[in-house]
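Reader: I should be grateful for a close look at a single part of this structure. Please begin with its place in the chain, and then set it against other positions that help to put it in context.

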Amino acid sequence: RIMDFVRTVLVTGGSGFIGSHLVCSLVTRQPDWRIINLDNLDYCCSPRSLQSIEGRANYTFIRGDVCNSRLVNHIFKTENIDVIFHLAAKTHVESSFESPSSFQRVNVDGTRVLLGAAQQARHQPQRFIYVSTDEVYGASLDEVFDESSPVRPSNPYSATKAAAEHLVRSYWDKYKFPIIITRSNNIYGPRQYTEKVIPRFLSLLQLNKKCTIQGTLPKSRHFLFVSDAISAFLLVLEKGIVGEIYNMGTSCEIPIMQLAKELIRMVANISQKNLSLPLNVLMYRPRVDLRYPIRSEKLQQLGWRAEVSWAEGIRHTVKWYQDNPDFWSDLSEDQEQIRSRLEKAPKNQ
Ligand SMILES: NC(=O)c1ccc[n+]([C@@H]2O[C@H](COP(=O)([O-])OP(=O)(O)OC[C@H]3O[C@@H](n4cnc5c(N)ncnc54)[C@H](O)[C@@H]3O)[C@@H](O)[C@H]2O)c1
(Lines give C-alpha, C1' and ligand atoms only; values in the text may rest on other atoms or scores of the structure.)
Protein backbone atom coordinates (compact mmCIF):
# COMPACT_ATOMS: atom_id res chain seq x y z
CA ARG A 1 0.00 0.00 0.00
CA ILE A 2 1.52 3.28 -1.12
CA MET A 3 0.78 6.16 1.19
CA ASP A 4 1.40 9.77 0.43
CA PHE A 5 3.84 11.11 2.93
CA VAL A 6 4.53 14.81 2.82
CA ARG A 7 8.06 14.46 4.13
CA THR A 8 10.67 11.75 4.59
CA VAL A 9 12.97 12.12 7.59
CA LEU A 10 16.09 10.04 8.10
CA VAL A 11 17.20 9.82 11.74
CA THR A 12 20.61 8.20 12.29
CA GLY A 13 21.20 6.78 15.75
CA GLY A 14 17.44 6.64 16.23
CA SER A 15 17.66 3.66 18.56
CA GLY A 16 19.83 5.49 21.08
CA PHE A 17 18.73 7.58 24.03
CA ILE A 18 17.95 10.91 22.35
CA GLY A 19 17.28 9.31 18.97
CA SER A 20 14.55 7.04 20.32
CA HIS A 21 12.76 9.98 21.93
CA LEU A 22 13.06 11.94 18.68
CA VAL A 23 11.84 9.03 16.53
CA CYS A 24 8.89 8.26 18.85
CA SER A 25 7.86 11.87 18.89
CA LEU A 26 8.11 12.29 15.09
CA VAL A 27 6.29 9.03 14.34
CA THR A 28 3.39 9.77 16.68
CA ARG A 29 3.04 13.51 16.14
CA GLN A 30 3.54 13.53 12.36
CA PRO A 31 1.59 10.60 10.91
CA ASP A 32 1.95 12.12 7.43
CA TRP A 33 5.76 12.10 7.65
CA ARG A 34 7.73 8.97 6.94
CA ILE A 35 10.46 8.34 9.52
CA ILE A 36 13.44 6.12 8.67
CA ASN A 37 15.78 5.11 11.47
CA LEU A 38 19.30 4.02 10.51
CA ASP A 39 21.11 2.48 13.47
CA ASN A 40 23.56 -0.39 13.88
CA LEU A 41 22.26 -1.19 17.40
CA ASP A 42 25.44 -0.64 19.35
CA TYR A 43 25.81 -1.90 22.94
CA CYS A 44 23.91 1.11 24.31
CA CYS A 45 20.59 0.26 22.61
CA SER A 46 17.57 -1.66 23.75
CA PRO A 47 14.92 -2.81 21.27
CA ARG A 48 12.40 -1.85 23.96
CA SER A 49 13.16 1.85 23.43
CA LEU A 50 11.14 1.87 20.21
CA GLN A 51 8.55 -0.75 21.12
CA SER A 52 5.74 1.78 21.29
CA ILE A 53 6.00 2.66 17.59
CA GLU A 54 6.93 -0.71 16.07
CA GLY A 55 4.72 -1.59 13.15
CA ARG A 56 3.51 1.96 12.54
CA ALA A 57 2.89 2.64 8.86
CA ASN A 58 5.11 5.72 8.84
CA TYR A 59 8.10 4.08 10.55
CA THR A 60 10.94 2.09 8.95
CA PHE A 61 13.97 0.69 10.69
CA ILE A 62 17.20 -0.05 8.82
CA ARG A 63 19.86 -1.85 10.78
CA GLY A 64 23.17 -0.63 9.43
CA ASP A 65 26.34 1.34 9.88
CA VAL A 66 26.53 5.04 8.92
CA CYS A 67 30.10 4.39 7.77
CA ASN A 68 28.87 1.90 5.15
CA SER A 69 28.88 4.11 2.07
CA ARG A 70 27.21 1.50 -0.16
CA LEU A 71 24.28 1.22 2.22
CA VAL A 72 24.02 4.95 2.85
CA ASN A 73 24.23 5.79 -0.87
CA HIS A 74 21.59 3.16 -1.55
CA ILE A 75 19.25 4.75 1.00
CA PHE A 76 19.61 8.14 -0.65
CA LYS A 77 19.13 6.62 -4.10
CA THR A 78 15.99 4.72 -3.25
CA GLU A 79 14.30 7.10 -0.81
CA ASN A 80 13.45 10.75 -1.27
CA ILE A 81 15.00 12.00 1.95
CA ASP A 82 13.92 15.55 2.80
CA VAL A 83 15.40 15.91 6.26
CA ILE A 84 18.33 14.28 8.05
CA PHE A 85 18.81 14.31 11.81
CA HIS A 86 22.32 12.94 12.29
CA LEU A 87 22.70 11.55 15.81
CA ALA A 88 24.56 8.27 15.26
CA ALA A 89 27.77 8.51 17.24
CA LYS A 90 30.00 6.98 19.83
CA THR A 91 29.10 9.04 22.87
CA HIS A 92 30.83 7.90 26.05
CA VAL A 93 33.63 10.33 26.97
CA GLU A 94 35.55 7.91 29.17
CA SER A 95 35.60 5.18 26.51
CA SER A 96 36.81 7.70 23.96
CA PHE A 97 40.21 7.67 25.64
CA GLU A 98 40.27 3.87 25.52
CA SER A 99 39.25 3.44 21.89
CA PRO A 100 39.66 6.77 20.11
CA SER A 101 39.78 5.09 16.69
CA SER A 102 36.19 3.84 16.91
CA PHE A 103 35.12 7.39 17.82
CA GLN A 104 37.03 8.73 14.84
CA ARG A 105 35.45 6.14 12.56
CA VAL A 106 31.83 6.57 13.56
CA ASN A 107 31.77 10.25 14.46
CA VAL A 108 33.99 11.61 11.69
CA ASP A 109 33.93 9.04 8.86
CA GLY A 110 30.26 8.30 9.46
CA THR A 111 29.42 11.99 9.13
CA ARG A 112 31.53 12.28 5.97
CA VAL A 113 29.76 9.32 4.36
CA LEU A 114 26.31 10.61 5.26
CA LEU A 115 27.05 14.16 4.11
CA GLY A 116 28.49 13.01 0.81
CA ALA A 117 25.50 10.79 0.07
CA ALA A 118 23.01 13.47 1.11
CA GLN A 119 24.64 16.21 -0.93
CA GLN A 120 24.83 14.05 -4.06
CA ALA A 121 21.31 12.70 -3.77
CA ARG A 122 19.09 13.27 -6.79
CA HIS A 123 16.32 14.35 -4.46
CA GLN A 124 17.90 17.31 -2.66
CA PRO A 125 17.38 17.31 1.11
CA GLN A 126 15.94 20.48 2.67
CA ARG A 127 17.78 20.16 5.97
CA PHE A 128 20.75 18.27 7.40
CA ILE A 129 20.75 18.74 11.17
CA TYR A 130 23.94 17.72 12.92
CA VAL A 131 23.43 17.05 16.62
CA SER A 132 26.59 18.22 18.35
CA THR A 133 27.50 18.98 21.92
CA ASP A 134 28.54 21.79 24.29
CA GLU A 135 31.69 19.73 24.91
CA VAL A 136 33.20 21.11 21.69
CA TYR A 137 33.82 24.38 23.61
CA GLY A 138 35.94 22.57 26.17
CA ALA A 139 35.40 23.14 29.85
CA SER A 140 35.00 26.57 31.36
CA LEU A 141 35.77 28.08 34.72
CA ASP A 142 33.68 31.20 34.38
CA GLU A 143 33.32 31.95 30.66
CA VAL A 144 29.83 31.48 29.21
CA PHE A 145 30.07 30.23 25.63
CA ASP A 146 28.00 31.47 22.73
CA GLU A 147 27.98 30.09 19.20
CA SER A 148 30.95 32.21 18.16
CA SER A 149 33.20 31.10 21.02
CA PRO A 150 36.30 29.17 19.95
CA VAL A 151 36.08 25.40 19.74
CA ARG A 152 38.53 23.73 22.13
CA PRO A 153 37.55 20.10 22.57
CA SER A 154 39.41 18.38 25.39
CA ASN A 155 38.72 14.67 24.87
CA PRO A 156 38.61 12.34 21.86
CA TYR A 157 34.80 12.30 21.95
CA SER A 158 34.44 16.07 21.69
CA ALA A 159 37.40 16.29 19.28
CA THR A 160 35.62 13.97 16.84
CA LYS A 161 32.31 15.84 17.29
CA ALA A 162 34.15 19.11 16.52
CA ALA A 163 35.86 17.55 13.49
CA ALA A 164 32.49 16.36 12.20
CA GLU A 165 31.06 19.87 12.71
CA HIS A 166 33.82 21.30 10.54
CA LEU A 167 33.06 18.77 7.81
CA VAL A 168 29.37 19.66 7.99
CA ARG A 169 30.13 23.37 7.79
CA SER A 170 32.41 22.88 4.81
CA TYR A 171 29.42 21.59 2.82
CA TRP A 172 27.59 24.79 3.66
CA ASP A 173 30.59 26.91 2.67
CA LYS A 174 31.18 25.12 -0.63
CA TYR A 175 27.73 23.96 -1.77
CA LYS A 176 25.33 25.93 0.42
CA PHE A 177 24.11 22.50 1.43
CA PRO A 178 21.39 23.32 3.99
CA ILE A 179 23.02 22.25 7.24
CA ILE A 180 22.24 23.33 10.81
CA ILE A 181 24.32 22.41 13.85
CA THR A 182 22.99 22.14 17.40
CA ARG A 183 25.26 22.16 20.46
CA SER A 184 23.43 20.99 23.51
CA ASN A 185 24.09 20.64 27.21
CA ASN A 186 23.80 17.23 28.89
CA ILE A 187 20.46 15.67 28.11
CA TYR A 188 18.80 13.34 30.62
CA GLY A 189 15.61 11.36 31.03
CA PRO A 190 14.10 7.87 30.81
CA ARG A 191 15.90 5.14 28.82
CA GLN A 192 19.37 6.70 28.94
CA TYR A 193 22.03 3.99 29.02
CA THR A 194 23.61 3.29 32.39
CA GLU A 195 27.09 4.59 31.55
CA LYS A 196 25.94 8.25 31.73
CA VAL A 197 26.04 9.95 35.11
CA ILE A 198 22.38 10.04 36.23
CA PRO A 199 21.48 6.44 35.24
CA ARG A 200 24.87 5.28 36.51
CA PHE A 201 24.22 6.67 39.99
CA LEU A 202 20.68 5.29 39.93
CA SER A 203 21.88 1.84 38.83
CA LEU A 204 24.56 1.75 41.49
CA LEU A 205 22.00 2.67 44.15
CA GLN A 206 19.61 0.00 42.89
CA LEU A 207 22.45 -2.49 43.36
CA ASN A 208 23.07 -1.15 46.87
CA LYS A 209 26.44 0.18 45.76
CA LYS A 210 27.94 3.56 46.43
CA CYS A 211 27.82 6.40 43.94
CA THR A 212 31.39 7.17 42.98
CA ILE A 213 32.61 10.64 42.19
CA GLN A 214 36.08 11.12 40.78
CA GLY A 215 38.32 14.04 41.55
CA THR A 216 38.82 16.71 44.12
CA LEU A 217 37.76 19.81 42.22
CA PRO A 218 34.11 20.79 42.27
CA LYS A 219 32.44 19.77 39.05
CA SER A 220 29.03 20.58 37.72
CA ARG A 221 26.90 19.92 34.69
CA HIS A 222 23.98 21.64 33.00
CA PHE A 223 21.07 19.26 32.51
CA LEU A 224 18.34 19.53 29.90
CA PHE A 225 15.34 17.21 30.09
CA VAL A 226 14.94 15.11 26.96
CA SER A 227 11.47 16.39 25.97
CA ASP A 228 12.80 19.97 25.99
CA ALA A 229 15.66 18.84 23.76
CA ILE A 230 13.22 17.20 21.33
CA SER A 231 11.11 20.36 21.12
CA ALA A 232 14.31 22.30 20.36
CA PHE A 233 15.22 19.92 17.52
CA LEU A 234 11.75 20.21 16.00
CA LEU A 235 11.85 24.00 16.28
CA VAL A 236 15.29 24.17 14.70
CA LEU A 237 13.98 22.04 11.83
CA GLU A 238 11.07 24.41 11.19
CA LYS A 239 12.54 27.79 12.04
CA GLY A 240 16.32 27.41 12.20
CA ILE A 241 18.37 29.32 9.65
CA VAL A 242 20.57 27.21 7.40
CA GLY A 243 24.31 27.44 7.90
CA GLU A 244 23.81 28.41 11.54
CA ILE A 245 24.81 26.87 14.86
CA TYR A 246 22.37 26.83 17.77
CA ASN A 247 23.31 26.28 21.40
CA MET A 248 20.68 24.32 23.33
CA GLY A 249 21.31 25.25 26.91
CA THR A 250 19.70 25.31 30.28
CA SER A 251 20.32 27.41 33.35
CA CYS A 252 19.92 24.29 35.45
CA GLU A 253 23.45 23.72 36.71
CA ILE A 254 23.90 20.91 39.22
CA PRO A 255 27.17 20.17 41.00
CA ILE A 256 27.86 16.46 40.61
CA MET A 257 28.20 16.06 44.38
CA GLN A 258 24.75 17.60 44.87
CA LEU A 259 23.36 15.39 42.10
CA ALA A 260 24.60 12.26 43.89
CA LYS A 261 23.19 13.40 47.23
CA GLU A 262 19.87 14.34 45.68
CA LEU A 263 19.53 10.97 43.96
CA ILE A 264 20.54 9.13 47.11
CA ARG A 265 17.86 10.96 49.07
CA MET A 266 15.22 10.32 46.40
CA VAL A 267 16.00 6.65 45.97
CA ALA A 268 17.08 5.54 49.40
CA ASN A 269 14.89 7.89 51.36
CA ILE A 270 17.79 8.76 53.62
CA SER A 271 17.58 11.93 55.65
CA GLN A 272 20.27 14.55 55.20
CA LYS A 273 21.47 13.91 58.74
CA ASN A 274 22.35 10.32 58.02
CA LEU A 275 26.10 10.01 58.47
CA SER A 276 26.92 7.26 56.03
CA LEU A 277 25.54 8.30 52.67
CA PRO A 278 26.29 5.70 50.02
CA LEU A 279 28.78 8.05 48.44
CA ASN A 280 32.37 7.43 47.51
CA VAL A 281 34.63 10.29 46.47
CA LEU A 282 37.79 9.16 44.70
CA MET A 283 40.79 11.44 44.44
CA TYR A 284 41.45 10.84 40.79
CA ARG A 285 40.10 11.91 37.48
CA PRO A 286 41.86 11.53 34.13
CA ARG A 287 40.84 14.99 33.03
CA VAL A 288 39.15 17.72 34.95
CA ASP A 289 36.23 19.02 32.96
CA LEU A 290 34.69 21.60 35.18
CA ARG A 291 31.56 23.00 33.65
CA TYR A 292 29.96 23.82 30.30
CA PRO A 293 27.88 26.99 30.61
CA ILE A 294 26.41 28.13 27.29
CA ARG A 295 24.14 30.94 26.13
CA SER A 296 21.04 29.96 24.14
CA GLU A 297 19.62 33.33 23.12
CA LYS A 298 19.72 32.43 19.42
CA LEU A 299 17.48 29.42 20.01
CA GLN A 300 15.25 31.38 22.38
CA GLN A 301 14.76 33.98 19.65
CA LEU A 302 13.21 31.23 17.55
CA GLY A 303 10.71 30.79 20.40
CA TRP A 304 12.20 27.97 22.45
CA ARG A 305 12.00 27.73 26.23
CA ALA A 306 12.88 24.75 28.39
CA GLU A 307 9.60 23.81 30.05
CA VAL A 308 10.52 20.99 32.41
CA SER A 309 12.04 22.09 35.70
CA TRP A 310 14.88 20.12 37.24
CA ALA A 311 12.64 19.02 40.11
CA GLU A 312 10.04 17.68 37.70
CA GLY A 313 12.50 16.15 35.20
CA ILE A 314 14.57 14.33 37.77
CA ARG A 315 11.49 13.06 39.63
CA HIS A 316 10.12 11.67 36.39
CA THR A 317 13.49 10.11 35.51
CA VAL A 318 14.04 8.51 38.91
CA LYS A 319 10.53 7.09 38.83
CA TRP A 320 11.11 5.61 35.39
CA TYR A 321 14.30 3.85 36.54
CA GLN A 322 12.47 2.57 39.62
CA ASP A 323 9.57 1.29 37.52
CA ASN A 324 11.87 -0.31 34.94
CA PRO A 325 14.72 -1.88 36.93
CA ASP A 326 15.33 -4.56 34.27
CA PHE A 327 15.27 -2.33 31.21
CA TRP A 328 19.05 -2.46 30.96
CA SER A 329 19.60 -6.12 31.72
CA ASP A 330 23.39 -5.86 32.06
CA LEU A 331 23.40 -3.60 35.10
CA SER A 332 25.76 -5.71 37.14
CA GLU A 333 28.18 -6.03 34.26
CA ASP A 334 28.04 -2.28 33.86
CA GLN A 335 28.86 -1.84 37.51
CA GLU A 336 31.89 -4.09 37.03
CA GLN A 337 32.96 -2.01 34.04
CA ILE A 338 32.67 1.15 36.09
CA ARG A 339 34.68 -0.33 38.93
CA SER A 340 37.42 -1.63 36.66
CA ARG A 341 37.63 1.70 34.89
CA LEU A 342 38.01 3.50 38.19
CA GLU A 343 40.66 1.12 39.42
CA LYS A 344 42.87 1.72 36.41
CA ALA A 345 45.75 4.18 36.78
CA PRO A 346 45.10 7.55 35.16
CA LYS A 347 46.63 7.42 31.71
CA ASN A 348 45.76 10.78 30.35
CA GLN A 349 46.78 13.37 32.86
N1 LIG B 1 23.30 12.67 25.70
C2 LIG B 1 23.72 13.90 25.73
O3 LIG B 1 23.77 14.50 26.80
C4 LIG B 1 24.14 14.61 24.46
C5 LIG B 1 24.40 15.99 24.53
C6 LIG B 1 24.76 16.65 23.36
C7 LIG B 1 24.86 15.97 22.15
N8 LIG B 1 24.62 14.62 22.12
C9 LIG B 1 24.73 13.95 20.80
O10 LIG B 1 23.47 13.38 20.51
C11 LIG B 1 23.64 12.18 19.77
C12 LIG B 1 22.89 11.03 20.42
O13 LIG B 1 23.38 10.88 21.76
P14 LIG B 1 22.75 9.84 22.80
O15 LIG B 1 22.98 10.37 24.14
O16 LIG B 1 21.38 9.48 22.37
O17 LIG B 1 23.75 8.63 22.59
P18 LIG B 1 23.51 7.05 22.51
O19 LIG B 1 24.88 6.50 22.69
O20 LIG B 1 22.41 6.63 23.39
O21 LIG B 1 23.04 6.82 21.00
C22 LIG B 1 23.91 6.73 19.91
C23 LIG B 1 23.23 5.90 18.85
O24 LIG B 1 24.07 5.83 17.69
C25 LIG B 1 24.08 4.50 17.24
N26 LIG B 1 25.32 4.23 16.50
C27 LIG B 1 26.58 4.16 17.02
N28 LIG B 1 27.44 3.87 16.02
C29 LIG B 1 26.72 3.74 14.88
C30 LIG B 1 27.05 3.43 13.54
N31 LIG B 1 28.32 3.19 13.18
N32 LIG B 1 26.07 3.39 12.62
C33 LIG B 1 24.77 3.63 12.99
N34 LIG B 1 24.40 3.91 14.25
C35 LIG B 1 25.37 3.98 15.18
C36 LIG B 1 23.98 3.66 18.49
O37 LIG B 1 23.55 2.35 18.21
C38 LIG B 1 22.97 4.47 19.28
O39 LIG B 1 21.66 4.10 18.96
C40 LIG B 1 25.13 11.95 19.65
O41 LIG B 1 25.56 12.41 18.39
C42 LIG B 1 25.72 12.81 20.77
O43 LIG B 1 27.01 13.24 20.45
C44 LIG B 1 24.27 13.94 23.24
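Author: Lys 176 is found in the loop that runs between helix H5 (156–175) and strand S6 (179–184); helices (H or I, at least four residues) and strands (E, at least two) are DSSP runs numbered from the N terminus. The model is a predicted one, in which local features need pLDDT of at least 70 and side-chain atom pairs count only at pLDDT 80 or more, while totals for chains, interfaces and linings use all residues. Residues are numbered from 1 along each chain as its sequence is written.

The backbone at Lys 176 has a positive phi of about 55°, although this residue is not a glycine. As to its surroundings, Lys 176 has 10 other C-beta atoms within 10 Å and is therefore exposed. A residue is called buried if 20 or more other C-beta atoms, placed from the backbone, lie within 10 Å of its own, exposed if 12 or fewer do, and partly exposed in between.

Arg 191 makes a useful companion to this loop residue. Arg 191, too, has a positive phi, of about 75°, without being a glycine. The loop that holds Arg 191 connects strand S7 (186–188) with helix H6 (197–206). Here the setting is another one: because 23 C-beta neighbours fall inside 10 Å, Arg 191 counts as buried. Thus one of these two loop residues, Lys 176, is exposed, whereas Arg 191 is buried.

Two positions within regular elements extend the picture. Phe 97 belongs to helix H3 (residues 93–98). With 18 C-beta neighbours inside 10 Å, Phe 97 is classed as partly exposed. Its C-alpha atom is 7.2 Å from that of Asn 155, although 58 residues separate Phe 97 and Asn 155 in sequence.

Arg 34 forms part of strand S2 (residues 33–39) and is buried, as 24 other C-beta atoms lie within 10 Å. Between the C-alpha atoms of Arg 34 and Val 9 the separation is 6.1 Å, for two residues 25 places apart along the chain. When residues up to four places away in sequence are set aside, Arg 34 touches Phe 5, Thr 8 and Asn 58; contact requires C-beta atoms, placed from the backbone, within 7 Å.

Val 9 appears again in the surroundings of Phe 85. Besides Val 9, and leaving aside neighbours within four places in sequence, Phe 85 is in contact with Val 11, Leu 22, Ile 129, Val 131 and Phe 233. Phe 85, Ile 129 and Ala 229 are the residues with the most contacts inside the largest nonpolar core, which has 74 residues. Such a core is a set of buried Ala, Val, Leu, Ile, Met, Phe, Trp, Tyr and Cys residues joined through C-beta atoms within 7 Å. Apart from this largest core lies another, of 7 residues, including Val 136, Tyr 137, Phe 145 and Tyr 292. In soluble globular proteins, nonpolar side chains tend to be buried together.

For the chain as a whole, the secondary structure comes to 11 helices and 12 strands. The chain has 349 residues, of which 40% count as buried. Among contacts with a separation of 6 or more, 83% join residues 24 or more positions apart. Against this background, Lys 176 is an exposed residue in the loop between H5 and S6, with its positive phi of about 55°.

Technical notes
Contact = placed C-beta atoms within 7 Å.
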